Amino acid sequence: MTTAPDLTKDEQGEPSSTGGGEVSGAEIVLRDVVKQYPGQKTPAVQSLSLTIPAGEIVMFVGPSGCGKTTSLKMINRLIEPTSGTILIDGQDVKQQSQTELRRRVGYVIQGGSLFPHMTVTKNIAIVPKLLGWDADRISTRVDELLDLVGLDPERYRDRYPRELSGGQQQRVGVARGLAADPPVILMDEPFGAVDPITRQRLQDELLSIQRELRKTIVCVTHDIDEAIKLGDRILILQEGAQVAQYDTPEVVLSAPANDFVADFVGAGSSLKALSLARVNEVELRQEVTATIGESTAEVRKRVEDAGSRSVVVLDGRGRPRGWPWLRQLKGETIVEPTEDLVNLDQRATLNDALDTMLSSSHGGAVVTGDRDQYLGVVDFDAVTAYIRNLEAEHE
Ligand SMILES: Nc1ncnc2c1ncn2[C@@H]1O[C@H](COP(=O)(O)OP(=O)(O)O)[C@@H](O)[C@H]1O
Ligand SMILES: [Mg+2]
C-alpha cells in the first residue's frame, strides 16, 4: 500500500508537513527588527527582516548566542524590540494588548515549564482562564487537547507534573500552547530535554498535529537535523541574528548559500537526505491485525492462512498496541500486550525508521497515521528499495 501520495512534496509542490486541514495560521512579518540589550556593545539582533508564511513551520537554527531566542520572543513581545516592526496577520504587535497577544500567540518551551503545584488541567487552562472562558468550555477543551497530544484525558487530567515523564510533561506543554487555539505558536528548543526516542516521537506528533491544524509555528533549535525534519523552511542565523540562509530544507542541503551554512549543515549532507524522506513515501506492508478481545483461535487461523507468523494487535480505537509472534499468543482471547510497542508515525523520517527497525525483533516497525491509527508495517526491504530508487533518480 502506498499511503497518502497526495501529501508528497513533489506532487503537490508544497511543503510536506502542511497539506492536511485548512490553514488556520497567520502570516508573520519582521521588518528591520533590532534588539540592543542594555550594556551590550553590538546588538543581539542587528536588523532582522523576514516573512513567515501562514500555516508553515519555520525553524530558527544557529550557534548558541546568535540571537534565536531573542528574535523569537520579540514576536509575542516577551522581549520588546529596540526598533523595527513586527506584524501578525498584518497587525502591528505594538498596537496589541497582552491579552490579545496571548490569544493569538501560543508559547511552548523546553520541558513544558509546567507549574508544579497545578494539575495538568489547571496548567493547560491558564490562558483560557485569563481569557474568561467558562468552566464547561475549559474542561471540554482540555480533554480535546489531551487527546490531540496523545494523553488519555481520564488518566492524566488530574495528575501533577511530578507524576509525569519528561515526554508527557512536554506533551502537556504543547497542549498548553495550543489551548486558546492561537494562529501562531512559538517554540523554544521544545524537545531539548528528553531522550532521543521520546524526542523523535514528540517531533512526529508535532508534525501530525500540524497536518490537522496548520498553524504558523516558529521553532528555535540548535539541532540542524531537527530543523531539517520539522521545517517547511529553515532560517539559519549567524551572530547578531544575521540571516545566512532562509529556504526549504532541500535547498539548504543541496545548495548552501555560503561556507557558514555548509559548515553548519555538516559534511554528511547526502546522508541527511534520508532525513528528508518520510515513511509515508515508502510502500507499506499489510500485516494481519487483531483486535483486543478477539478469539485467539480465530486470529491464529487468520495469521496462518496469510502465511505469516506475527500479528499486529489493535485496541478498540484502531491504535496498534503490540506486535507479538504467534507463539506468544496465550489464552482464549487476545489481551493487551505488555511490551511497549514503539510505533513510527507516518511523518517519521527514514533515519528514524532505521533506528526503530534496528531495535525490533521483526526487522520492521508498525506505522501509524493521525491519532495513532494503524497504517501498516515498514521493513528493511521497503527502505532499501526506496533508497535504491532515489540513487537511480539522482544519476
Ligand atoms: N537579558 C539579556 N541581557 C543582556 N544580554 C542578553 C540577554 N539575553 C540575551 N543576551 C545576549 O544576547 C545574545 C543573543 O542571545 P539569545 O537570543 O539568547 O541567543 P540564542 O537563543 O541564539 O542562544 C547573546 O550574546 C546573549 O548573551
Ligand atoms: Mg536560545
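**Figure 1. Oxygen atoms of ligand 1 and their protein partners in the predicted model.** A backbone N or O atom of Gly-65 lies 2.7 Å from an oxygen atom of ligand 1. For Lys-68, a polar backbone atom is 2.9 Å from an oxygen atom of the ligand. Thr-69 takes part through its side chain, where an N or O atom is 2.8 Å from an oxygen atom of ligand 1. On its own, ligand 1 has 560 Å² of accessible area, and the protein covers 56% of it.

**Figure 2. The shell of residues around ligand 1.** The residues surrounding the ligand include the run Pro-63, Ser-64, Gly-65, Cys-66, Gly-67, Lys-68, Thr-69 and Thr-70. Tyr-37, Gln-40 and Ala-44 also belong to this shell. By type, the shell divides into four nonpolar residues, six polar residues and one charged residue.

**Figure 3. Thr-70 and its contacts.** Thr-70 is one of the residues around ligand 1, and its place in the chain is helix α2, residues 68-75. Is Thr-70 buried or exposed? Its relative accessibility is 9%, so Thr-70 counts as buried. The side chain of Thr-70 makes a polar contact of 2.8 Å with the side chain of Tyr-37, and Tyr-37 is itself part of the shell around the ligand. Beyond its neighbours within four places in sequence, Thr-70 touches Lys-35, Tyr-37, Ala-44, Val-45 and Ile-79.

**Figure 4. Helix α2 and the residue Arg-77 that follows.** Helix α2 is mostly covered, with six of its eight residues buried. The buried residues are Lys-68, Thr-70, Ser-71, Leu-72, Met-74 and Ile-75. Of these, Lys-68 and Thr-70 are also in the shell of ligand 1. After α2 comes Arg-77, which has a positive phi near 65°. Most residues other than glycine have a negative phi.

**Figure 5. An open sheet of four strands.** The strands are arranged in the order β2-β1-β4-β5, and their pairing is antiparallel. At the edges are β2 (45-52) and β5 (91-92), each of which pairs on one side only. Strand β1 (residues 28-35) runs antiparallel to β2, and five bridges join the two. Across this pair, Leu-30 stands opposite Leu-50 of β2. Two residues in contact with Thr-70 lie in these strands: Lys-35 falls within the range of β1, and Val-45 falls within that of β2.

**Figure 6. Two aspartates with positive phi, Asp-89 and Asp-181.** Asp-89 sits in the loop between β4 (83-88) and β5. Its phi is positive, near 50°, although the residue is not glycine. Asp-181 belongs to the loop between α8 (166-178) and β7. For Asp-181, phi is near 55°, again a positive value in a residue other than glycine. The relative accessible area of Asp-181 is 45%, so this residue is partly exposed.

**Figure 7. Val-194 in a loop before helix α9.** The loop that holds Val-194 runs between β7 (184-188) and α9 (196-213). With a relative accessibility of 9%, Val-194 counts as buried. Which residues does Val-194 touch, not counting those up to four places away in sequence? They are Gly-166, Gly-167, Arg-199 and Leu-202. Val-194 and Gly-166 are 28 residues apart in sequence, and their C-alpha atoms are 6.1 Å apart in space. Gly-166 falls within the range of helix α8.

**Figure 8. Strand β15, enclosed on both faces.** Five of the five residues of β15 (residues 364-368) are buried, so the strand is largely enclosed by the rest of the structure. In a regular strand the side chains alternate between the two faces of the sheet. On one side of β15 are Gly-364, Val-366 and Thr-368, and on the other are Ala-365 and Val-367.

**Figure 9. The partners of strand β15.** Strand β14 (residues 344-345) pairs with β15 in the parallel sense over two bridges. Within this pairing, Asp-345 has Thr-368 of β15 as its bridge partner. Strand β16 (residues 374-379) runs antiparallel to β15 and is joined to it by five bridges. Thr-368 has a bridge partner in β16 as well, namely Tyr-374. β15 and β16 form a hairpin with five residues between them. Arg-371, in the turn, has a positive phi of about 50°.

Definitions and conventions
Residues numbered from 1 in each chain as written. Chains lettered and ligands numbered in written order. Predicted model: local features only at pLDDT ≥ 70, side-chain atom pairs only at ≥ 80, totals over all residues. Heavy atoms only, no water. Near = heavy atom within 4 Å. Polar contact = N/O pair within 3.5 Å; in protein donor to acceptor, adjacent residues only side chain to side chain. Areas by Shrake-Rupley, 256 points an atom, 1.4 Å probe, with all protein chains shown as cover. Nonpolar A, V, L, I, M, F, W, Y, C, P; charged D, E, K, R; others polar. Buried < 20%, exposed > 50% of the residue type's maximum accessible area, 1.4 Å probe, protein only. Contact = heavy atoms within 4.5 Å. Pairing = 2+ DSSP bridges.
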